[in-house]
Amino acid sequence: MPKDQRVPEQDASGTPARTLRADAQRNRTRILEAAETVFAAKGPSASTEEIAQKAGVGIGTVFRHFPTKESLLKAIMHAVAVRLADEARALAAEGDPATAFFAFFTRTVEQAAEQKTVVDLLAQAGIPVTVAKPVLALREAVEVLVGKAQQAGAVRPDVRVPEIMALLVGVCQASLHTPWEPDLRARTLAIVFAGLRPADATG
C-alpha cells in the first residue's frame, strides 16, 4: 500500500470522522486490539500506559487517536459489534443453514467475557454505548442467519430476532458472571438450542 494512501477513520462512536494515513490507521488498529486485551484482563484498573506498551506505540500516539479512556472504550464496542456482524454475515453466506446460526451463537458466548468486560466498563463510567449503526448491522446479520435456519427447519418458525437477541445477551452475561467450564457451557447451550429447535427436530 503506498505510504500516502489514506483510509477512513472512525470517531469514538464508530462514525467516520476523517482520514488517516495507512500507517496511522495501522497504529489505531493495534491500539484497539491491545486495549481490548488489556481491559479484558485488568478491567477498570488498566492504564493507558499499559495499552500503549501492549500496542508497541508511544503514549502520545494513543492520545492522538483516543483523547480519553472513554473514547477508547466506545471505539472498542464499535469494533466488537462490527466484528460480530462480519462473522454472522460470513456464516450466512458460506455456512450450512442448519448449523450456521448455532455456530454463531456458540462462538459469541465463548467470546462473551472479553466483550462484556467492555460493556461493564462503559456502564460504570456512565457512558452510553453509541454504536447504533454497527448494532443495527449485527441485528440484521443475525436475522438473516435465523431466517436461513428456519428455512432449513432447524429453528422454530415462531422464533423472532428479539427473542434471539435477548437469549444471546442473557447467556453471554451468565457466562461472564458464573464460572463456566467448557462442559457446563456446552450443556447450557444444548438446553437453549433445544428450545429453539422445532419439536420434531433431532439435531
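Helix H5 passes helix H8 in a right-handed crossing, and this briefing on a predicted model starts from that pair. The axes of H5 (residues 100–110) and H8 (residues 161–177) come within 9 Å of each other and cross at roughly 35°. From there we can step out to the chain as a whole, then visit helix H2, a few salt bridges and some pairs of residues that are far apart in sequence.

**Where H5 meets H8**

- Two packed helices are described by the angle between their axes and the distance between the axes. For H5 and H8, those values are roughly 35° and within 9 Å.
- On the H5 side, the contact is made by Phe101, Phe104, Phe105, Thr108 and Val109.
- H8 contributes Ile164, Leu167, Leu168, Val171, Cys172 and Ser175.
- What kinds of residue make up the contact of H5 with H8? Nine are nonpolar, two are polar and none is charged.
- Thr108 sits in H5 and counts as buried, at 4% relative accessibility. The cut-off for that label is under 20% relative accessible area.
- Thr108 also links positions far apart in sequence: Cys172 is 64 residues away along the chain, yet the two C-alpha atoms are 7.6 Å apart in space.
- Glu110 is found in H5 too. Its relative accessible area is 47%, so Glu110 is partly exposed.
- From Glu110 to Ser175 the sequence separation is 65 residues, and the C-alpha to C-alpha distance is 8.2 Å.

**The chain as a whole**

- The chain holds nine helices and two strands.
- Along the sequence, the order of these elements is β-β-α-α-α-α-α-α-α-α-α.
- Of the 203 residues in the chain, 40% are buried.
- Taking the contacts with a separation of 6 or more, 66% are between residues 24 or more positions apart.
- Another pair of this kind is Leu136 and Ala81, which are 55 residues apart in sequence and 9.1 Å apart in space, C-alpha to C-alpha.
- Leu136 belongs to helix H7 (residues 132–151). With 47% relative accessibility, Leu136 is partly exposed.

**Helix H2 and its two sides**

- Which residues of H2 (residues 48–55) are buried? They are Thr48, Ile51, Ala52 and Ala55.
- Viewed down the axis of H2, these buried residues fall within an arc of 100°, so they line one face of the helix.
- The general background is handy here: an α-helix has 3.6 residues a turn, so residues three or four places apart point the same way.
- Turned away from that buried side is a face carrying the exposed residues Glu49, Gln53 and Lys54.
- What do the buried residues of H2 pack against? Their partners are helix H1 (22–42), helix H3 (59–65) and helix H4 (69–94).
- Just after H2 comes Gly56, which takes a positive phi of about 75°.

**Salt bridges**

- The count of salt bridges comes to six, and three of them are described below.
- Lys42 and Glu50 meet through their side chains in a salt bridge of 2.4 Å, N to O. Lys42 is partly exposed, with a relative accessible area of 45%, and Glu50 is partly exposed at 22%.
- The side chains of Arg160 and Glu163 form a salt bridge at 3.2 Å, N to O. Arg160 is exposed, with a relative accessible area of 54%, whereas Glu163 is partly exposed at 30%.
- Asp183 pairs with Arg187 in a salt bridge between side chains, at 2.3 Å, N to O. Arg187 is partly exposed, and its relative accessible area is 45%.
- How are Asp183 and Arg187 placed in helix H9 (residues 182–196)? Because they are four residues apart in that helix, about one helical turn separates them.

Methods:
Residues numbered from 1 in each chain as written. Predicted model: local features only at pLDDT ≥ 70, side-chain atom pairs only at ≥ 80, totals over all residues. Heavy atoms only, no water. Buried < 20%, exposed > 50% of the residue type's maximum accessible area, 1.4 Å probe, protein only. Arc of directions from axis to C-beta. Contact = heavy atoms within 4.5 Å. Salt bridge = Lys/Arg side-chain N within 4 Å of Asp/Glu carboxyl O. Axes fitted to C-alpha atoms, helices over the stretch in contact; angles between N-to-C directions. Left-handed = near helix turned anticlockwise from the far one by under 90°. Nonpolar A, V, L, I, M, F, W, Y, C, P; charged D, E, K, R; others polar.
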